There are 2 protein chains.
Amino acid sequence: MKMAEKKHLNSSLLERLATNGFRFTPQREHVYSVLLEKRDHPTAEEVFIRAKRRMPDISMATVYNCLDALVKCRLVRQVALERGAARFCPNMQEHSHFYCDSCEQVFDVNLPPEPVIGLPRGFKAERYDIAIHGRCPECKT
Amino acid sequence: MKMAEKKHLNSSLLERLATNGFRFTPQREHVYSVLLEKRDHPTAEEVFIRAKRRMPDISMATVYNCLDALVKCRLVRQVALERGAARFCPNMQEHSHFYCDSCEQVFDVNLPPEPVIGLPRGFKAERYDIAIHGRCPECKT
DNA sequence: GTCAATACTTGGAATAATTCTAATTTGCGC
DNA sequence: GCGCAAATTAGAATTATTCCAAGTATTGAC
């Protein structure tokens with residue numbers, strides 16, 4: 001990553017954190033960069049392992065705290081795909097997730113332009129979580 | 001519930017279990033009836049508490065086993081809505097779930113006739129899990 | 001720039017949800 | 001009815017997440 005890009009990333013991260021009442025910390029910057037680096041929907045545990053590589057003293061509690069802050073700032077999405085650990089995804093474009101029940105990989109899938117579901121009167125939707133389960137091309141029998 | 005209805009329920013449950021390689025047990029019958037009785041998307045813990053009322057010796061491990069069997073027989077759906085416990089729902093019609101982030105209640109929402117999302121070549125969808133987060137009519141500010 | 005208030009980080013303990021284990025019991029095909 | 005595999009049980013173990021208390025760092029006011 002070029003210096004200019006890094007600077008821009010940090011200033012927009014700082015701004016986003018600040019407007020949501022959070023402080024800018026090296027840990028939050030680092031956790032966010034880890035998520036951007038490899039967009040494979042890691043679990044909190046996996047984020048922790050990757051974050052430790054360049055920041056060996058970071059703790060699991062901090063990783064959870066950082067992920068929480070990033071989710072609340074709407075910089076990261078949290079998805080529940082299988083029984084078990086939550087997964088995190090820095091792609092904030094409208095999209096849904098395809099979960100391969102065989103190899104357990106997760107793929108981003110674009111939504112059609114009209115994903116709107118008719119809700120009964122009085123319900124106010126804030127966010128849609130669409131998970132599609134099935135077989136990916138590699139695992140088709 | 002009338003006797004005739006109960007008989008029918010049991011024979012169809014038996015059949016469904018059998019064709020999926022499961023045995024018919026009083027515990028599985030009871031757990032299924034508990035889910036049908038109050039369709040409020042209980043957690044496994046809640047199912048356990050309700051099941052104990054008329055079957056005091058049932059254990060938590062059995063409740064998990066029964067729910068697993070029912071899910072594998074496609075008699076029950078398992079949904080992950082929030083961080084935390086999974087929830088169970090015996091409504092097998094195509095539908096999605098509305099989760100109120102304020103009061104934490106879950107509502108079934110009918111899907112439009114065209115819920116199909118264009119998947120990239122080679123992906124085979126087996127099931128869609130659509131969770132909508134927002135505010136229910138009671139909690140609208 | 002200094003200071004104070006308070007949010008954040010840390011390691012470890014605690015909790016919650018689920019799965020595993022080993023012994024016993026039960027359903028079901030023969 | 002018999003025998004075997006599957007299911008049940010209580011409790012231990014594991015996994016994922018949250019809580020806690022002490023020290024540290026960030027931010028806004030001066």
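**Cysteines, symmetry and two DNA strands**

At 15% relative accessibility, A:Cys139 counts as buried. This value, like the others here, comes from a predicted model. A:Cys139 takes part in no disulfide. Its nearest cysteine sulfur belongs to A:Cys100 and is 3.8 Å away. A disulfide requires two cysteine sulfur atoms within 2.5 Å, so the pair A:Cys139 and A:Cys100, at 3.8 Å, does not qualify.

A:Cys89 is buried as well, with a relative accessible area of 1%. For A:Cys89, the closest cysteine sulfur is that of A:Cys73. The separation is 16 Å, which is too far for a bond. Over all chains, the structure holds zero disulfides.

Now turn to the two protein chains. Two copies of a chain are related by a rotation about an axis and a shift along it. Here, chain B superposes on chain A through a rotation of 180°. The shift along the axis is 0.0 Å, and the RMSD is 0.0 Å. The two copies are therefore related as by a two-fold rotation axis. In chain B, the C-alpha nearest that axis belongs to B:Ile130, at 2.2 Å from it.

What does the interface say about how the copies meet? Of the interface residues of chain B, 100% are also interface residues in chain A. The copies therefore meet through the same surface.

Next comes the DNA, beginning with strand C. This strand is surrounded by 19 residues. The closest are A:Thr25, A:Arg28, A:Thr62, B:Tyr64 and B:Ala86. Both protein chains thus appear in that list, because each residue named carries its chain letter, A or B. Sugar or phosphate accounts for 75% of the atoms of DNA strand C within 4 Å of the protein, and bases make up the rest.

Individual contacts fill in the picture. A polar side-chain atom of A:Thr62 lies 2.4 Å from a phosphate oxygen of DNA strand C. A:Arg83 also faces a phosphate oxygen of this strand, with a side-chain N or O atom 3.2 Å from it. B:Arg23 instead pairs with a base: an N or O atom of its side chain is 3.2 Å from a base nitrogen of DNA strand C. Helix 2 (26–37) and helix 4 of chain A, together with helix 4 of chain B, give two or more residues each to the surface near this strand. Helix 4 of chain A gives the most, with three residues. By class, the surface near DNA strand C divides into nine nonpolar, five polar and five charged residues.

DNA strand D also has 19 residues around it. A:Tyr64, A:Ala86, B:Thr25, B:Arg28 and B:Thr62 come nearest. Of the atoms of strand D within 4 Å of the protein, 76% belong to sugar or phosphate, and the rest to bases.

Which atoms of strand D does B:Arg28 approach? A side-chain N or O atom of B:Arg28 is 2.9 Å from a phosphate oxygen. B:Asp57 uses its backbone: an N or O atom there lies 3.1 Å from a phosphate oxygen of strand D. B:Gln27 brings a polar side-chain atom to 3.1 Å from a sugar or linking oxygen.

Helix 4 (60–72) of chain A, helix 2 (26–37) of chain B and helix 4 (60–72) of chain B each supply at least two residues of the surface near DNA strand D. Helix 4 of chain B gives the most, with three residues. This surface has nine nonpolar, five polar and five charged residues.

Note on methods:
Residues numbered from 1 in each chain as written. Predicted model: local features only at pLDDT ≥ 70, side-chain atom pairs only at ≥ 80, totals over all residues. Heavy atoms only, no water. Near = heavy atom within 4 Å. Polar contact = N/O pair within 3.5 Å; in protein donor to acceptor, adjacent residues only side chain to side chain. Helix = DSSP H or I, 4+ residues; strand = E, 2+ residues; numbered from the N terminus. Nonpolar A, V, L, I, M, F, W, Y, C, P; charged D, E, K, R; others polar. Least-squares fit on C-alpha atoms with pLDDT ≥ 70 in both. Contact = heavy atoms within 4.5 Å. Buried < 20%, exposed > 50% of the residue type's maximum accessible area, 1.4 Å probe, protein only.
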